[in-house]
Structure formats: structure tokens, C-alpha cells
Amino acid sequence: MLLHDDRLLPAEPVTRGIARRLYAGVRDLPIISPHGHTDPRWFAEDKPFPDPATLFVKPDHYIFRMLYSQGIKLEELGIARKDGGEVESDPRKIWKLFASNWHLFRGTPTRLWFEHAANTIFGIRERLSAENADKIYDRIAEQLEQDEFRPRALFERFKIEAISTTEGALDPLKWHDMIRDSGWGGKVVTAYRPDSVVDPEFEGFKGNLEQFGELTGEDTVSWNGYLEAHRKRRAYFIARGATSSDHGHATARTANLTQAECEKLFAKILKGKFSAEDADLFRGQMLTEMAKMSLDDGLVLQIHPGSYRNHNPHLFEHFGRDMGCDIPRGMDYVSALKPLLDAVGNERGLTVIAFTLDETSYSRELAPLAGHYPALKLGPGWWFLDAPEAMLRFRELTTETAGFYNTVGFNDDTRAYLSIPARHDVARRMDCHYLAKLVAEHRLDEDEAAEVAHDLAYRLAKEAYRL
């Protein structure tokens, strides 16, 4: 399992040489991780990670969704059930099951990420298999007991300059408070994710609104009080480092209703007598409301649509959300984003970052939109599209219309902490791959390509997310 120095760089010798030089200029840059789902508790308590399975397998839905697709039950991987039912508790058994099925990940980005972490962090040179599973488990477990493998030490080793976690609107953010009060210098900020109090179809929505009102002291059964509650919670998050909000709606729909229309729709939502159309319209209105609030408080607005969430009802019933069974779906961005863009799209002080899981929309819709509206930026390839070939397609389909500077660099969007350096390394290699081609074709000078490579790896994310 040797990591080749030229992995992911072009095979053609001249272009490869250019890519090598470009990559050499960015490979050791600090990491800006502006959107992800690592657990802030890791950094707050700074305890050793318990075992290899808990570190690599359990939190990574890229891993367990692939294993599930081959008939392996989530219970066998130690994934907690909602009802507290019995699951495998022996981390070594979980690891051996993972290792025995390592061949399933051939050709996937998961293999790139895992082998990068195993090699560069733990010094492992053997390809994982059933035969060496115990030996590799023991080697990782032994190192995890050492202080230099604790979360904060790894944060510094990874050269992470800033990382953003993502918390729901009702989260007390106690781990962020603990990080702040500890005096540690690592920059770990939160992001405001209000889905549970914005999506009428979210489980427990009515109870969530009651709790929302208790937290803020606002009347969350009145439209104005509900909006004021969001303003207060956003301020609470900003005081703990938040620079962005994040919205995982099913569609990219936005709306810009009148005050009277908003009050009427909100009343219908509160009564619980609403249709799927009403719920989607309400979510769309709230995206525009969040954008308007961003004009006042400066939070960057992230829209993550295009995922059919919890597509597998069996897994949702027994394990809950985010269990690897979200599926990409097509989106219409031109019509969907128009109400929001009509309202705030020309605001130079606002940043709205649109992501997609629908590659067909890149050149047809998103790149032209981002290439026109000052407020709109194009987020990088997200889940399912954070793979090498998809990253190349992203650049090929968006650069001609949006350029590089209407995009925001890269974000890793991961729960798997040790994969962060690997994910950023893959992105840097693929951007240098693409830029080298432009240089080789005399469409860009090499000094320009070097500047762009630096911007894509570091500056654009830092500036777009105000980190």
C-alpha cells in the first residue's frame, strides 16, 4: 500500500510535469475546513479515540453504506439503533468485518482517503485484508493511546487553520463553550443548521418550535416572534464563532411572499394541516428569510439541496437520519432560486453558496447563475461528487462560465476526522491536474495556474466563509 507521488496527476508526461510543480506549491498549505460534521466534543475533551473501528468505520457513512449494499447489517458494524436494541459491541470484530470486505472499495474515493490516513498518520504500508486485520488494528490501537494522536494534537499535525462543525438550532453548543474556555488555540467554529425548526416535515417539528421559544424567550407561534427567535439563535451561534448557516432542504426552492401570505402559511403549518406543497413553500420562504437575515448579521448562507433524504424507510425507522441512504435527485435551480435572487441576489455584501448533487445542472444552470449574480457562489462537488473524476467534471463544466473566482475552493463535508487531510489532498491534486491541462494547451500561463491553485486550495474558502 505505497502512496505513489504522482497519484491522480495526469498520465501524459509533459502535463504531469506541470501538475507536479503546481502541486508542490500547494500540498503543504494549511487546511481550511469550512463545512463539515466532526464532533466538537472531540476537541473540547481532547480524549484519545477509543479504537480503530470507532474512528474509521462507525462515523463514516461512505464506509457503512457500501458494506450495507453488500448485505452487511448496520448492527454488525456497531451502529446504534434508535430503540437501543443490541448491536455488535466488539470493535475488533467490526474492524475484521470491514477488513474482510476491503475489496468492495476498489476504485472509490473511500479507498484513497483511508489509505492516505493509514499511511501518513499511522505509518501502515500494507493493504488492508482479512489476513492482516488484527495486526493493523493493534498497530492503530497502540498509537491511539499516545498523546500525539489525541484530537487537538492531530488538528495541529494536520495543519488545520480553521474547522467548522454543524449544529442544530436547538443545540446548547456546550462543547464549543468548553473549547473557547479551555484556552486552546485551535479554531473550531459552529454553523447554524435550523432544519429541525424550519422543515414542517421534520420529526417532532411542533415540539421543536416550543423548545425554540423557550430558548429564545420569543413567541414562536407568531410569525414575527418566530423570525425573531431565529435572529436570537443566530446571534448565539455567532458569539460561538459561527460564520455560516446551512440548510439541507430537499429542493432548492425559494419564495418571497408578502407578510400576510407568510402569516397565513405559518398558521397552516402550526395547525398541522398542511400539504407537501405547503411544507416545501414554507422551507423556500425560510431560505429567503435566512438570506435577508444574513444581510444584517453576515452569516454565509449555504444551500445543500438535491438529496432525497432517508430514502430507505427501514433504516430511517430503526437507525434515524444520516445513515448513508440519501440519494441524489435532479434539481431546477434557475426557477427555484429566482425568488431569493430577486430579493437579494444583487447584494454585494451577501454570500449565498449553492451546492448540488445534480451534475447536469452545472453548465446549464448553476455556473451561469453564479457567473452573473454578485451574491451567489458555487459550492464544490459535494457527497457523491467529491471523487476525482467528478472533481474534474466540476471544473470542466463550470469554469468556462463562472470562472474560478465564483467558486469557493473545497470543503470536506465529513464526519470522518482522519480523512480530512486526505480529502483536501485529493482536491488539491485534481485541481492541479485540471490547471496543468490548461497550461499544456497554452490557455493559461504557469504562474497564473500556480496562483489559481493556491486560491482554490486555501484563499477562496477562507474568504468566502469569512474565516
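## Surface charge, backbone angles and cysteines

Asp445 is partly exposed, with a relative accessible area of 49%; the term covers values between buried (under 20%) and exposed (over 50%), with a 1.4 Å probe and protein chains only. This is a predicted model, in which local features need pLDDT of at least 70 and side-chain atom pairs count only at pLDDT 80 or more, while totals for chains, interfaces and linings use all residues. Residues are numbered from 1 along each chain as its sequence is written, and side-chain values use heavy atoms, with hydrogens and water left out.

Asp445 sits in the loop that separates helix H19 (420-440) from helix H20 (446-464). Together with Asp447, Glu448 and Glu451, Asp445 forms a surface patch of negative charge. Such a patch joins like charges within 9 Å, from residues with over 30% relative accessible area and no salt bridge; a salt bridge would place a side-chain nitrogen of Lys or Arg within 4 Å of a carboxyl oxygen of Asp or Glu.

Most residues other than glycine have a negative phi. Phe384 and Arg466 have positive values, as tabulated here.

| Residue | Phi | Relative accessibility | Location |
|---|---|---|---|
| Phe384 | near 80 degrees | 29%, partly exposed | loop between strand S11 (376-378) and helix H18 (388-402) |
| Arg466 | near 60 degrees | 36%, partly exposed | segment after H20 |

Helices (H or I, at least four residues) and strands (E, at least two) are DSSP runs, numbered from the N terminus.

Cys262 is buried at 3% relative accessibility, and Cys325 is buried at 7%. The whole structure contains 0 disulfides, a disulfide being a pair of cysteine sulfur atoms within 2.5 Å.

How values were computed
Patches are made of residues with over 30% relative accessible area and no salt bridge: like charges are joined within 9 Å, nonpolar side chains (Val, Leu, Ile, Met, Phe, Trp, Tyr) within 5 Å. Accessible areas come from the Shrake-Rupley method with a 1.4 Å probe; for residues, only the protein chains shown count as cover. Lys and Arg count as positive and Asp and Glu as negative; His and the chain ends are not counted. The place of a charge is taken as NZ of Lys, CZ of Arg, CG of Asp or CD of Glu.
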